[in-house]
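Thanks for making time this morning. I would like to walk you through the empty spaces in this model and then through a few points of backbone geometry, so please have a look at it first.

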Amino acid sequence: MNSIERITMVMEGKIPDRVPVMGNLLEQGAKELGLSIEEYYSKGEYVAEGQLKLREKYGYDNLSGFFYAGCEAQMLGCRKIIYSETGPPNVGHLIIKKNKDIETLEVPEDISKLPVFEELSKCIKILKQEANGKYPIGSAVVSSFSLPAILMGIDKWMDLLINGPESLRKELLQKCSDFCIKLIQALRDVGADGVSYSNPVGSADFFSVDQFKRLSLEWIIRDIEAVGPEGITYFNGGGRINPMIDTIIKHTGITTYYINPLDDTAEAKSIIAGKGISSGVINDILLIDWQKEDIYAEVKKIMDAGMKGGRFIFGTLVMPYLIPEKNIYHLFNAARDYGVYN
């Protein structure tokens with residue numbers, strides 16, 4: 001059974017040979033090619049080659065057509081990205097510094113013509129061709145509700161969210177939603193099979209469920225109604241989402257949820273209750289220091305909590321660049337070993 005067949009069976013509620021394993025290895029591709037992270041992300045061809053090598057090397061079930069979250073800020077006018085030697089690039093220029101910047105912010109008419117998207121597009125098209133129908137190509141967007149944190153900084157965004165002015169907050173969110181919708185459509189147009197919709201600010205680490213419903217929900221609905229829920233995975237983005245899952249299912253039709261390592265795997269499965277796909281996600285930051293026995297024990301714990309009855313995937317979160325290669329092997333070997341259905 002190849003990866004597409006395995007994942008399709010899970011989506012249909014059938015039991016595959018084993019639990020699909022998602023590997024979010026990103027900057028590790030630069031290491032495979034002997035490039036700096038800055039050079040690696042300069043060409044879509046490099047990223048595609050790196051992703052193909054990583055999937056072949058570790059044997060997980062997906063290919064990632066994604067660069068880094070700061071790309072979206074670049075598409076909206078960010079002029080500086082800070083490149084680390086051992087981690088993901090970060091935004092080095094906040095494009096919203098004062099209220100007037102919200103008023104003058106413009107959503108590009110055609111995202112596909114932007115240089116950074118053109119490179120991302122090359123990557124996805126190469127992956128699509130090389131996958132030859134055997135592996136799904138995934139990409140990602142930051143939700144309209146969380147995107148302002150990248151554009152103006154989390155402190156200023158929280159202040160605007162809580163204290164207003166409401167009219168300015170709504171103007172910014174509407175522009176971010178317009179952009180998010182266009183980006184999802186553009187990613188689908190170039191061949192992405194699935195898109196992770198990341199909403200870290202709309203998580204239980206920032207807000208109560210009541211606050212989430214009042215501040216974030218309407219923008220999730222706006223984004224998803226415009227593009228449809230098919231192929232969308234609601235991604236935790238680094239925050240706990242179990243308390244929000246039931247509300248999101250009822251209002252959006254999204255059926256796949258990629259929880260946070262701090263969310264309870266069995267609880268997520270219970271909340272979704274056959275209405276969609278749940279995941280178990282390992283806290284892969286700990287893989288930097290863990291030993292083999294630690295990794296196997298944690299993977300087994302996650303699989304035992306979620307795989308019974310199917311409709312379950314196993315995933316990683318951020319996969320830091322500094323994880324020893326042997327531990328990456330241990331992780332994916334353990335996931336394949338413990339994820340087998342009898």
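Let me begin with the lining of the largest cavity, where α5 provides the largest share, namely three residues. Before going further I should say that what you see is a predicted model, and everything I describe is computed from it.

How many cavities of 30 Å³ or more does a search of the whole structure find? The search returns one, and the space inside this largest cavity comes to about 70 Å³. Besides α5, which spans 70-75, the elements that each give at least two residues to its lining are β5, at 137-142, and α10, at 166-189. If you want to follow the lining in the viewer, the residues to select are F66, F67, Y68, C71, E72, M75, L120, S139, A140, L183 and L187. Sorted by class, that lining consists of nine nonpolar residues, one polar residue and one charged residue.

Let me turn from the cavity to a pocket. The second largest pocket has a volume of about 220 Å³, and of the 17 residues lining this pocket, those closest to its centre are P261, T265, E298, K301 and I302. Which element gives the most to the lining of this second largest pocket? That is α15, with four residues; α15 covers 292-306, and both α15 and α14, at 265-272, supply at least two residues each. By class, ten of the lining residues of the second largest pocket are nonpolar, three are polar and four are charged.

The last part concerns the backbone. As a reminder, most residues other than glycine have a negative phi, and most peptide bonds are trans. Against that background, the peptide bond running from G164 to P165 is cis, with omega near 10°, and P165 sits in the loop that connects α9, at 154-163, with α10.

There are also two residues to look at for their phi values. A273, which is not a glycine, has a positive phi near 50°, and A273 is located in the loop between α14 and β9, the latter at 278-281. R311, likewise a residue other than glycine, has a positive phi near 50°, and R311 belongs to the loop between α15 and β10, which covers 312-315.

To return to the cavity before I stop, please keep in mind that α5, β5 and α10 each bring at least two residues to its lining. I am happy to go back to any of these places in the viewer.

Conventions:
Residues are numbered from 1 along each chain as its sequence is written. This is a predicted model: local features need pLDDT of at least 70, side-chain atom pairs count only at pLDDT 80 or more; totals for chains, interfaces and linings use all residues. Side-chain values use heavy atoms; hydrogens and water are left out. On a 1 Å grid over the protein atoms alone, a cavity is a set of points where a 1.4 Å probe fits but cannot get out, and a pocket is an open set with protein on both sides within 12 Å along at least five of seven lines; lining residues have an atom within 4 Å of a point. Grid points are joined across faces, edges and corners, and a volume is the space filled by probe spheres set on the points. Ala, Val, Leu, Ile, Met, Phe, Trp, Tyr, Cys and Pro count as nonpolar, Asp, Glu, Lys and Arg as charged, and the others, Gly among them, as polar.
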